[in-house]
Amino acid sequence: MSEDLYRVVYTSRASRPMTRGELDDMLQGSRRRNVENGITGLMLYEAGNFIQVIEGPRKLVDDLYDKIAQDPRHRAVERISAGPVESRDFESWSMGFSDLALFKDFDVSAFREELAGSEPLDPRGTYQLLLRFREALKS
């Protein structure tokens, strides 16, 4: 296992409604910085809710997570899982992105219910959702 390679999955809520243009601007900045820092991942968004996986060198991933947790565009930032990994699952993506509202044929009802609920998200199920979206976005 690469001792330095690390992955964090988290959820957050937008502090206010975001336009598609604001999301695109945030994504472009993230992609540029992520390329510079060797960070890869995927961000999903729907109705003010974010779920994101970030992976890369541990210190840089931890620093990025801390920055996101302090970002005024996010609130209720919750780490779902974190830990060292053997390899990247999003190696070719400086930051994949999807607005879940655009995926009409993709069943995310269980995820929507989890986000709306008061129970903690299931780390394994949440990560599996991210992997399913990775495959759907490749198509």
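Which residues are exposed on the other side of α2, away from its buried ones? They are Lys59, Lys67 and Gln70. Exposed means over 50% relative accessible area, buried means under 20%, and partly exposed lies in between (1.4 Å probe, protein chains only).

This is a predicted model, in which local features need pLDDT of at least 70 and side-chain atom pairs count only at pLDDT 80 or more, while totals for chains, interfaces and linings use all residues. Residues are numbered from 1 along each chain as its sequence is written, and side-chain values use heavy atoms, with hydrogens and water left out.

**Confidence**

- The mean pLDDT of the chain is 82. The pLDDT is the predictor's confidence in each residue, from 0 to 100.
- A value of 70 or more is reached by 76% of the residues.
- Among the elements, helix α2 (residues 58-70) has the highest mean pLDDT, 96. Helix α3 (residues 109-116) has the lowest, 59.
- Where pLDDT is low, the predicted coordinates should not be read in detail.

**Overall layout**

- The chain holds 4 helices and 5 strands. Helices (H or I, at least four residues) and strands (E, at least two) are DSSP runs, numbered from the N terminus.
- From the N terminus on, the order is β-α-β-β-α-β-β-α-α.
- The chain has 139 residues, and 46% of them count as buried.
- Take the contacts between residues at least 6 apart in sequence: 81% of them join residues at least 24 apart. Contact means heavy atoms within 4.5 Å.
- About 7,600 Å² of the chain is exposed, and carbon and sulfur atoms supply 48% of that area. Accessible areas come from the Shrake-Rupley method with a 1.4 Å probe; for residues, only the protein chains shown count as cover.

**Helix α2**

- α2 has 13 residues and spans 18 Å from its first C-alpha to its last. That is close to the 18 Å expected at 1.5 Å a residue. The expected span is 1.5 Å times one less than the number of residues.
- Its buried residues are Val61, Leu64, Tyr65 and Ile68. They sit on the same side of α2 because they cover an arc of only 100° around the axis. The arc is that of the directions from the helix axis to the C-beta atoms.
- These buried residues pack against β1 (5-14), α1 (20-37), β3 (49-57) and β4 (74-84).

**Helix α1**

- α1 has 18 residues and reaches 25 Å from first C-alpha to last, close to the expected 26 Å.
- Leu23, Met26, Leu27, Gly29, Ser30 and Asn34 are buried in α1.
- Gly38, just after α1, takes a positive phi of about 70°.

**Strands β1, β2 and β3**

- In β2 (residues 40-46), 7 of the 7 residues are buried, so the strand is largely enclosed by the rest of the structure.
- Both faces of β2 are covered. One side carries Thr40, Leu42, Leu44 and Glu46, and the other carries Gly41, Met43 and Tyr45.
- In a regular strand the side chains alternate between the two faces of the sheet.
- β2 and β3 pair in the antiparallel sense over 7 bridges. Two strands pair if DSSP finds at least two bridges between them.
- Opposite Phe50 in β3 stands Tyr45, and opposite Glu55 in β3 stands Thr40.
- The two strands form a hairpin with 2 residues between them. Ala47, in the turn, has a positive phi of about 45°.
- β3 is also largely enclosed by the rest of the structure, because 8 of its 9 residues are buried.
- β1 and β3 run antiparallel, joined by 9 bridges. Tyr6 stands opposite Gly56 in β3.

**Strand β4**

- Ala76 is in strand β4. It has a positive phi of about 50°, although it is not a glycine.

**Helix α4**

- Arg134 lies in helix α4 (residues 123-138). Arg134 is buried, with a relative accessible area of 16%.
- Neighbours within four places in sequence aside, Arg134 is in contact with Leu42, Asp89, Phe90 and Trp93.
- Arg134 and Asp89 are 45 residues apart along the chain, with 8.9 Å between their C-alpha atoms.
- Tyr127 is in helix α4 too, and is buried at 11% relative accessibility.
- With neighbours within four places again set aside, the contacts of Tyr127 are Arg7, Val9, Val53, Glu55, Asp89 and Phe90.
- Tyr127 and Ile51 are 76 residues apart in sequence and 9.7 Å apart in space, C-alpha to C-alpha.
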